[in-house]
Amino acid sequence: MNTGLIIRKLRKSQQLSQLELADHLEVSRVYVSQIENEKSKGSLDFLRNVSTFFKVPLPLLLAWEEDAGSDSEIHKTLQELFGKILDAKLQLN
């Protein structure tokens with residue numbers, strides 16, 4: 001899973017279109033689409049706004065991005081943990 005897919009899942013769990021989410025976050029629909037489709041990573045400010053809007057921890061959005069310098073076991077553990085948090089969040093909606 002990647003950050004764009006997480007944002008798409010969160011958006012759809014709230015039954016929002018890309019345009020509706022873009023309006024809430026004060027960005028363009030094209031920008032949301034580019035992030036969801038992995039054409040752009042999204043700025044840190046955008047990800048903070050997504051985190052606030054959906055009431056999810058910012059690290060949940062960032063844990064999926066590969067970092068060449070990260071310890072792969074720690075990274076994998078964080079992904080598993082945040083995957084459980086995301087699943088729980090989606091089930092509540």
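**Exercise 1.** Establish how many aromatic pairs a search of the whole structure finds, and classify the geometry of the pair formed by Tyr-31 and Phe-46.

*Solution.* The search of the whole structure finds 2 aromatic pairs, where rings of Phe, Tyr and Trp (its six-membered ring) pair if their centres lie within 6.5 Å, and planes under 30 degrees apart count as stacked, over 60 as edge-to-face and the rest as tilted. The ring centres of Tyr-31 and Phe-46 are 5.1 Å apart and their planes stand at 85°, so this pair is edge-to-face. The pair links distant parts of the chain, with Tyr-31 in helix H3 and Phe-46 in helix H4, 15 residues apart; helices are DSSP runs (H or I, at least four residues), numbered from the N terminus.

The model is predicted: local features need pLDDT of at least 70, side-chain atom pairs count only at pLDDT 80 or more, and totals for chains, interfaces and linings use all residues. Residues are numbered from 1 along each chain as its sequence is written, and side-chain values use heavy atoms, with hydrogens and water left out.

**Exercise 2.** Decide whether Tyr-31 and Phe-46 are buried, partly exposed or exposed.

*Solution.* Buried means under 20% relative accessible area, exposed over 50%, and partly exposed in between (1.4 Å probe, protein chains only). Tyr-31, at 22%, is therefore partly exposed, whereas Phe-46, at 4%, counts as buried.

**Exercise 3.** Locate Gln-15 and describe its backbone and its exposure.

*Solution.* Gln-15 lies in the loop between helix H1 (3–13) and helix H2 (18–25). Although Gln-15 is not a glycine, it has a positive phi of about 55°. Its relative accessibility is 71%, so Gln-15 counts as exposed.

Methods
Helix = DSSP H or I, 4+ residues; strand = E, 2+ residues; numbered from the N terminus.
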